[in-house]
Amino acid sequence: MAASPAYVAVVGPGDADAAELEAAEEIGVRLGRAGAVTLTGGLGGVMAAACRGAVAAGGTTVGLLPGTDRCSANEWVSVAVPTGLGELRNGLIVRAADAVIAVGGANGTLSEIALALKTSVPVVGLNTWKIDGIKEVDSAEAAVASALKLARSRP
């Protein structure tokens, strides 16, 4: 049986700035090329940029949506899962992930980081919150390399 792909959540603000969008898209490309599944909240900003990059590289994307309408997913989501849970879906994103990459950060990102750290899901951070337990990196390339290594080392 072939090894299953790593599921890497890419989290960050929906109202991301240009640098965050560029980084998220490059992260998505690198995850797609590596054969990982890119997991997001399925909406805009960092989520859309990561999905766009992953799809451009031939990857699969999963969006765990806050509402009940699949049509609210960004156009690069391969599998849209409406949860009807609002921001509580952040816990599902973290629990479905083998590793989390946080790009930038607003309050929603902070909640995903906290949930990941609480549940021992490894977190890699690129220009995000400064919190003990986050593996800080300085590039999209380093973020993906670290996340994939950490994901593969989980039981």
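In this predicted model, the largest nonpolar core holds 24 residues, and those that touch the most other members are Val8, Val10, Ile27, Leu31, Ile101, Val103 and Leu148. Two or more residues of this core come from each of strand S1 (7-11), helix H1 (18-34), helix H2 (46-56), strand S5 (99-103), strand S6 (123-126) and helix H5 (140-152), and H5 gives the most, with six residues. In soluble globular proteins, nonpolar side chains tend to be buried together.

Ile101 offers a way into this core: once its neighbours within four places in sequence are left aside, Ile101 is in contact with Val8, Ala9, Val10, Val11, Ile27, Val124, Ala143, Val144 and Ala147. Apart from this core lies another one, made of 16 residues, with Val37, Leu64, Ile113 and Ile134 among them.

Helix H5 deserves a separate look. Its buried residues are Ala140, Ala143, Val144, Ser146, Ala147, Leu148 and Ala151, and the elements against which the buried residues of H5 pack are S1, H1, S5, S6 and strand S7 (134-137). The length of the helix can be checked as well: at 1.5 Å a residue, its 13 residues should span 18 Å, and because the C-alpha atoms at its ends are 18 Å apart, the expected span and the model agree.

Turning to the aromatic rings, the structure holds zero aromatic pairs. The ring of Trp76 nevertheless has a charged group over it, namely the charged end of Arg52, which sits 4.9 Å from the centre of that ring.

Note on methods
Residues numbered from 1 in each chain as written. Predicted model: local features only at pLDDT ≥ 70, side-chain atom pairs only at ≥ 80, totals over all residues. Heavy atoms only, no water. Core = buried A, V, L, I, M, F, W, Y, C linked by side-chain atoms within 4.5 Å. Buried < 20%, exposed > 50% of the residue type's maximum accessible area, 1.4 Å probe, protein only. Helix = DSSP H or I, 4+ residues; strand = E, 2+ residues; numbered from the N terminus. Contact = heavy atoms within 4.5 Å. Phe/Tyr/Trp six-rings, centres within 6.5 Å; stacked < 30°, edge-to-face > 60°. Lys NZ or Arg CZ within 6 Å of the ring centre and 35° of its normal. Expected span 1.5 Å × (residues − 1).
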